[in-house]
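User: Got a minute to go through this one with me? Let's start with how the strands pair.

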Amino acid sequence: MATNPAGTGIMENITPSDSPPSPSDAPPSSPVPSVPPNTPSSPSLSDPPTTPFPSLGQPSFPSASQTRDAKMPDLPEMESAGAQRQSQTSSSSSGKTSSLLRKKPRSRGASETSAGRIDPGTAFPPYDPRFSLSLSVSAANGAAAAQLPLDDNGRKKIVVLGTGDFGLALTTRLVQANYRVAVGSRDPERCRSKVEATGGIPMTHAEALRESVVVVLAVPFQHTGSLPLSSLANKIIIDVSNRNPKDRDSSGRSQAEHLQNLVPTARVVKAFNVLSAYTLSRGIRGSKEVPVCGDDRDARQLVSEIVKDIRLDPTDLGSLHSAREVEEIPFQFFTEWKFGVVLSTVVWCLMFVITLFRSQLCSNLENMHKPNFTWDWSGFDGIMRDNVSSSSAATAITLLALCYLPGVLAAYIQLARGTKYSEFPLWLDTWLKGRKHIGILMLWNAAIHAILVLSYSMGGVGMYDSTYSWRGPTYVACGAFTLLLAGVLGVASLPSVSASMTWREFSFVQSRVGWLVLLLASFHIIFNFWDSLVKDHFSCYFLPSIAQLCIVLPLLTLVLKLPLLTPCVDRSLTKIRQGYERVSLNSLSGV
Ligand code: NAP
């Protein structure tokens, strides 16, 4: 039976357009090509409702609009809420979106003309009225032809201004890629030895700038004014600077845009800033993705070639406007985690307080009125097992359900609206986008629970009561398999792993295996607390047990999922996710 995309998923992608693929959800009638999940032309990866444990850094899924534009009619295009939202505002000129970006930049790249100029009809209005004119001038005088000059040995010539850590690290990589690098310094003699150690050639700024039309500005942005800016005219300037969001001025413009204003005849391209000098000099082990943006397409392409030459992966983000976000990437601090962390913490604290009352406080509180009452501290001996371990387990299963529930809700919304082309409510959109982090936090909590249970059982504390008979081993096995398979989901969401999987493999893991994990986790609770789930245990000021609390969401999610699996509902949902609209989008504008 074909499942529909609704309600898969745990870990979601960072950018909306990469949002959870809709794995198993590909209907049999529309075969999904076997392409790796991060292949831009892969089928509708961007289906929020579908994939729970989407790749951690799953890069570069096309946004919904990009997928549509690419004319892939037969693919089950399942769209993420984020993708839907984003598709109205952005598209990168390359059709690829940086997974490094938390929010996609409002790219103007798509509005460029083929000549690489801003189209006044569609483009963002230039921030400087001289800007479009200056581009025409530079293109017309040919000074900034998008080609690097070669030296006598056929090596490409490039200039790096600045002999700090970053300038030297980049010089090293460029020299390794067989570039001739002229390194401009205020005092070439002072830095000669360290520049020559990289293979670069130390020069004054003026000498260096005569070497090539492409200049890497590796000087702190605040010192840009002290550079010979007039000599940068008509050059392609690669701006590598970063900006702390705290330093953002009221205009919101990026440093790269300011630089473009300072040298209007140059073509400024933002690149390399997401790398650190340390990683550049030690060799990249993590993400090799380098966002590239600039208002001139030829210049962007040339810089992308340079990025490739040093064995990194350029991601064309279109116009220089994207630099507003790109140059703040290195300063992002777990921004995407807030939702998941807050949710996880609230759930955990709630569970902990309930166990605290039920295991330690209530017995004391209920006896307080008795004569000769003394506070009984013995209950606190088992705080790690009774409170921390149980709270972590309850939080884990609640978070697991919270990974799948939004997908199910999204499916019902799509069914009710009869289209996938309308936006989800903001709360659902936020929830869908937060699934990746919720999934990781689920794993974290499950691991804490497993470690504590193992520690206690090694100390002789049994995992279950001897009266449990067959239920004991069954519940332990369900817990163990839950953890094992949840680990598989987590591992499959790593970019390096998901990149080696075909789309169907990835879909299978994230959808089918994900739902199996939820089912096993529910059995884990049910078999363990069989006797107490429905009866009594509303002791202690009518507080429910955490087993009663934490089973509600998983059961609700599973029950809501069931109707979506019936063939007729599945067919309708699949059609909707392939682009069929029961009603026109206009009629939904008031929804
Ligand atoms: P840095 O060490 O502070 O300075 C770089 C060089 O700029 C200096 O060695 C100096 O070279 C030149 N310089 C300093 N003050 C100057 C002035 N008043 N006028 C003209 N030139 C001056 O900086 P960095 O760490 O290499 O970073 C350079 C750029 O790369 C920055 O924009 C930074 O945001 C960006 N970046 C750095 C990293 C990193 O890991 N460091 C990572 C990503 C991006 P001379 O004395 O030879 O002229």
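Analyst: Sure. In strand 4, Val215 is the bridge partner of Val159. Keep in mind that this is a predicted model.

User: How do strand 1 and strand 4 run, and over how many bridges do they pair?

Analyst: Parallel, over 3 bridges. Strand 4 covers residues 214-217.

User: What joins strand 1 to strand 2?

Analyst: 6 bridges, and the two strands run parallel. Strand 2 is residues 179-185. Opposite Ile158 you find Val181 of strand 2.

User: Which helix goes with strand 1 and strand 2 in a β-α-β unit?

Analyst: Helix 4, residues 165-176. The unit is right-handed.

User: Why call strand 1 largely enclosed?

Analyst: Strand 1 spans residues 156-161, and 5 of its 6 residues are buried, so the rest of the structure largely encloses it. The cut-off for buried is under 20% relative accessible area.

User: Back to strand 4. What does Val215 face in strand 5?

Analyst: Ile237 stands opposite Val215. Strand 4 and strand 5 run parallel and are joined by 4 bridges.

User: And the side chains of strand 5, buried or exposed?

Analyst: Buried. Ile236 and Ile238 point one way, Ile237 and Asp239 the other, and all are buried. As a rule, side chains in a regular strand alternate between the two faces of the sheet.

User: Where does strand 6 come in? How does it run against strand 5?

Analyst: Parallel, with 4 bridges between strand 5 (residues 236-239) and strand 6. Ile236 has Arg267 of strand 6 as its bridge partner. Helix 7, residues 255-262, completes a right-handed β-α-β unit with strand 5 and strand 6.

User: Which residues sit on each side of strand 6?

Analyst: Arg267 and Val269 are on one side, Val268 and Lys270 on the other. All are buried, leaving both faces of strand 6 (residues 267-270) covered.

User: Strand 7 next. Parallel or antiparallel to strand 6?

Analyst: Antiparallel, with 2 bridges. Strand 7 is residues 289-294. Its Gly294 is the bridge partner of Val269.

User: Where is Ser241?

Analyst: In the loop between strand 5 and helix 7. Ser241 has 8% relative accessibility, so it counts as buried. Its C-alpha lies 9.1 Å from that of Val274, although the two are 33 residues apart in sequence.

User: Switching topic. What's in the largest nonpolar core?

Analyst: 54 residues. Leu400, Tyr404, Leu428, Val517 and Leu518 touch the most other members. Elements giving two or more residues include helix 13 (426-433), helix 17 (503-528) and helix 20 (567-577).

User: Which helix gives the most to this core?

Analyst: Helix 12, with 15 residues.

User: What other core lies apart from it?

Analyst: One of 35 residues. Ile158, Val160, Val181 and Val214 are among them. In general, nonpolar side chains tend to be buried together in soluble globular proteins.

User: Pockets now. What volume does the largest one have?

Analyst: About 1300 Å³.

User: What lines it, and which residues lie nearest its centre?

Analyst: The largest pocket is lined by 46 residues. Ser390, His449, Tyr475, Asn528 and Phe529 lie nearest its centre. Helix 11, helix 12, helix 14, helix 15, helix 17 and helix 19 each give two or more residues to the lining.

User: How do the lining residues divide into nonpolar, polar and charged?

Analyst: 28 nonpolar, 14 polar and 4 charged.

User: Last one. Val347: which helix is it found in?

Analyst: Helix 11. The relative accessible area of Val347 is 11%, so it is buried.

User: How far apart are the C-alpha atoms of Val347 and Ser391?

Analyst: 8.5 Å in space, and 44 residues along the chain.

Technical notes. Residues numbered from 1 in each chain as written. Predicted model: local features only at pLDDT ≥ 70, side-chain atom pairs only at ≥ 80, totals over all residues. Heavy atoms only, no water. Buried < 20%, exposed > 50% of the residue type's maximum accessible area, 1.4 Å probe, protein only. Pairing = 2+ DSSP bridges. Right-handed = clockwise from strand over helix to strand, strands pointing away. Core = buried A, V, L, I, M, F, W, Y, C linked by side-chain atoms within 4.5 Å. 1 Å grid on protein atoms, 1.4 Å probe; cavity = no way out; pocket = protein on both sides within 12 Å on 5 of 7 lines; lining within 4 Å. Points joined across faces, edges and corners; volume = space filled by probe spheres on them. Nonpolar A, V, L, I, M, F, W, Y, C, P; charged D, E, K, R; others polar.
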